[in-house]
Amino acid sequence: MTQVNPLKFPSSTSSLLVNRLRMCLPHCNNSIVHLEFSKGKKFCNTSENVYYHVNGQEDEYRDLVESFVRWSRENLLQLNVTKTKEMVLDNKLEWSTNTDAVYKKAMSRLYFLRRLRSFSVCSRMLHMFYQSVMASTIFFAAVCWGAGIKAKDANRLNKLIKKAGSVVGCRLDDLDEVVRDRMVLKLRTIMDSPSHPLHNTVDKLRSSFSNRLLQPHCSKERYRKSFLPSAIKLYNSLKPTQQ
């Protein structure tokens, strides 16, 4: 997300800025930008760049990032890098590559968690550091990949979480628990939000005899392990009082 300095822009500049961005990023397969007004300030509320690279060649990807930074500076937009996230999906639509990237990032943060413990930082502060710095990295977009991740990849992340728990001094929620809770919460949000793109799809799956949701037809294993079928299965497994 980015925020513009306090200058007033006419509403017609939204499409102009978006077009200029797309012209500056010719190698990007997909650019999604949503600009908003708020009390005289211009916000880029959402910006997503999708880029494909092969065999670990990231030069053009890095050029893309630099182009986006340069475009933001030229158009008086300040990038909020603390909210910048990255997710990797390989050409087989599997999550192993993303798991590798997440694991490396989390390992580097585990080092700092251990350093904090060496300074006799209290368990409460260690847990706060884990939640804000390490867990946010491990579980980013978990509703997307949590159900489709391979068992060996899930075990790698769970072992990492267990190591962090030994440093913090308490048991931490493992991957399965976090994914389950977040999937059910996201599904409930969809059910309660008529403006959500998936609301009508989920609403049509409501059972006329109970609070359960009907499972959508899944012809492929890949779809069965995607968000919606997995979230519905978890939702139906809850007790009626929890639904």
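Helices (H or I, at least four residues) and strands (E, at least two) are DSSP runs, numbered from the N terminus. The model is predicted: local features need pLDDT of at least 70, side-chain atom pairs count only at pLDDT 80 or more, and totals for chains, interfaces and linings use all residues. Residues are numbered from 1 along each chain as its sequence is written, and side-chain values use heavy atoms, with hydrogens and water left out.

**Exercise 1.** Describe the secondary structure of the two spans that UniProt lists.

Solution. Step 1: an unreviewed UniProt entry gives residues 95-133 as "domain: Alkylated DNA repair protein AlkB homologue 8 N-terminal"; such annotations may be inferred rather than shown by experiment. Step 2: residues 95-133 are 87% helix and 0% strand, with end C-alpha atoms 22 Å apart. Step 3: the unreviewed entry also lists residues 128-149 as "transmembrane region". Step 4: this span is 68% helix and 0% strand, and 27 Å separates its end C-alpha atoms.

**Exercise 2.** Place Arg 117 and classify its exposure.

Solution. Step 1: Arg 117 belongs to helix H3, residues 96-118. Step 2: buried means under 20% relative accessible area, exposed over 50%, partly exposed in between (1.4 Å probe, protein chains only). Step 3: Arg 117 counts as partly exposed because its relative accessibility is 42%. Step 4: Val 167 is 50 residues away along the chain, yet the two C-alpha atoms are separated by 7.1 Å.

**Exercise 3.** Apply the exposure classes to Glu 60.

Solution. Step 1: Glu 60 sits in helix H2, residues 59-74. Step 2: its relative accessibility is 43%, so Glu 60 is partly exposed.
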